[in-house]
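User: I am new to this structure and would like to understand the reasoning behind the terms used for it. Could you take me through them with care?

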Amino acid sequence: MSALLEVHNLCKNYPMPGTLLYRQQITALYPLTFTLERQQSLAIIGEAGSGKSTLARLLAGVEKPTSGDIILNGYPLTEKLQRQRHKDIRLIFQDAKDSLSPGVKIGSTLDNALKLNTDLAKEERIQKIGRTLIKVGLLPEHAEYYPHMLSGGQLQRIALARALILDPQIVILDEALGALDPSIRAQIVNLLLELQESMHLSYIIVTHQLNLVKHMSDNVLVLNEGKLVESNETNRLFMSPTHEYTQRMIASRNI
Amino acid sequence: MNLLDVRNLTIELPTHDQQIIAVDRVSMTIREGEILGLVGESGSGKSLIAKAIVGVLNNRWKVTADRMQWMGEDLLRLPVEERREIIGRDISIIYQEPSRCLDPTAKVGEQLKESIPNSILKANFWQRRKARQEKAEGLLHKVGIKNHKRVMNAYPHELSEGVCQKVMIAMAIAKCPKLIIADEPTASLEATTRAQIFRVLKSLNQLKNTSILLITHDFEIISHWTDHTNVLYCGQLVESGKTSDIITKPFHPYTDALITSVPDFKEATAHKQKLVTLPGTIPSLEHLPIGCRLGPRCPNAKRECVIAPKMTKRQSHSVACHFPLNLTKKETIT
Ligand SMILES: Nc1ncnc2c1ncn2[C@@H]1O[C@H](COP(=O)(O)OP(=O)(O)OP(=O)(O)O)[C@@H](O)[C@H]1O
Ligand SMILES: Nc1ncnc2c1ncn2[C@@H]1O[C@H](COP(=O)(O)OP(=O)(O)O)[C@@H](O)[C@H]1O
Ligand code: SF4
Ligand SMILES: [Mg+2]
Ligand SMILES: [Mg+2]
């Protein structure tokens, strides 16, 4: 059986800032290959600017890769499968505030996700919104709120709700746990672990919090300046990091 | 000496049907050369406090305090211009959302250079341009940006969030302020850079005696970098004291929960094991519980807790709870 997700030589270039004339490129992500199994979690770690969010955006289909293939359940993801991909791979952004429209109630944002991607009737959608809000530790009343009325952490939970509401197979959390405070973060970590078991979810977790990496992930990819420098099972990586960059990162873990 | 002395700071948002009190009678002092932590649930009002201190909350908010003294002068009672001048000179703030605070239409290098005051450039006016450029590059190196050329020529959206945050930090330390308010300064940075940033802040603290108000919800950061800590829940202070005391024996059930919920922090946690945490959620400001605000989530709540607990002090460690944890016999009696 094929893996849930296979990524082959995925690569992304951006035009270099300030060089319109010569069209120089910078490579945000060098060709990268990995697989993700069902019900497993993959952590991606690396310095700021190392290409983690770029990878997350490519997987979620928010941006097109320069080259390379993404294969989900044995099928290459093409543009035709966009709608299915939006349901199956959900991305939670690093900055929840930017990803929620300011003038739109939380409830409508969630409702839009359902309207676009499912055929549920209105009443079912309302029910589902309420249940999902409770799942992420909010109240059904929060559907009536506007984004500016919520704090950063509360918004991050809305973003999680928006991802989970479509019953996805893979959830990509790009620094989405970072903004949560510990008592809620622990609840969400527990919730994610629970959902992983009950819904056989897979996670791709981008985070700077190495204790969460260690706790939640099965495998780790280490990116440095757009290149994959190391990948290993989580406990092996923490016990014997081989790349110098990983060693430094793990050494500074407790500072 | 006290640099900043805030008594009963209250921040309200008057709306047509209800008065929302987002921060309720919070007091804190920051001494010269101290690193003070402010930790709390998200939405507890940490950023509001930071913004109220530097006076950037918009007019919709009502900010009151018995006093808000900056080196002996009450900021709230100074003319706006004077207040702005003092804050502009002495206090830097690193905001939580770097991309929202950088000007999207100007190159990062220009913005950084603008934040360097003439007074700290040891150069005649005809040499300033060059001196400023060099200073800007130096600041970027200090915060761990090696490729200064590319960063200075970029617009904020072309840089990753983490690099933007480093630029914000470079801008904050450019004027050598007396106080740096750092609101989640490293949330978007990875471990190595995070450590590097804290080392930069710490060295300013040691060499220039800069005070730092460090806002975070990460107890690991608190425990490594701060001398004293204030714990906030739902807009109220619930515990304050020496950081080491708070970590080793937290008095407040909320603080205790924050500390035990971090995997591998105080005790080892097994892989994918459920973490210890408080049930329930933070109540919204419109529906605060009566009495102790932690009440509905608190594992130790008893009948007495319907009366709001007051801050009480045991030596230098204060708590607002009717049934503090980890008390020694002697402390229970007092
Ligand atoms: N513009 C606003 N209108 C209404 N309520 C607001 C507004 N801004 C903030 N609040 C409320 O004020 C409270 C405190 O917000 P604040 O941003 O200070 O939280 P915080 O402690 O910094 O949280 P975080 O850790 O998530 O950054 C929250 O309950 C929030 O919902
Ligand atoms: N839209 C863009 N235009 C130009 N460069 C970009 C763009 N988005 C990202 N980059 C560059 O790609 C690199 C990787 O960025 P990113 O994936 O956001 O890093 P990370 O998430 O690991 O911090 C960075 O050098 C960044 O400046
Ligand atoms: S006062 Fe009561 S409810 Fe509040 S924290 Fe203490 S024990 Fe818990
Ligand atoms: Mg990123
Ligand atoms: Mg905040």
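Analyst: This is a predicted model, in which local features need pLDDT of at least 70, side-chain atom pairs count only at pLDDT 80 or more, and totals for chains, interfaces and linings use all residues. Residues are numbered from 1 along each chain as its sequence is written, chains are lettered from A and ligands numbered from 1 in the order in which they are written, and side-chain values use heavy atoms, with hydrogens and water left out.

User: What makes an oxygen atom of ligand 1 and a backbone atom of Ser44(B) a polar contact?

Analyst: A polar contact is a pair of N or O atoms within 3.5 Å (within protein, one must be able to donate a hydrogen and the other to accept it, and residues adjacent in sequence count only if both atoms are side-chain atoms). An oxygen atom of ligand 1 is 3.2 Å from a polar backbone atom of Ser44(B), so the pair meets that limit. An oxygen atom of the ligand also lies 2.9 Å from a polar backbone atom of Gly45(B), and one is 2.8 Å from a polar backbone atom of Met149(A).

User: Why is the shell around ligand 3 described as having no charged residues?

Analyst: Asp, Glu, Lys and Arg count as charged, Ala, Val, Leu, Ile, Met, Phe, Trp, Tyr, Cys and Pro as nonpolar, and the others, Gly among them, as polar. The shell around ligand 3 divides into 9 nonpolar and 4 polar residues, with none that is charged. Among the closest residues are Cys292(B) and His322(B), so by these classes the former is nonpolar and the latter polar.

Key:
A residue is near a molecule or strand if one of its heavy atoms lies within 4 Å of it.
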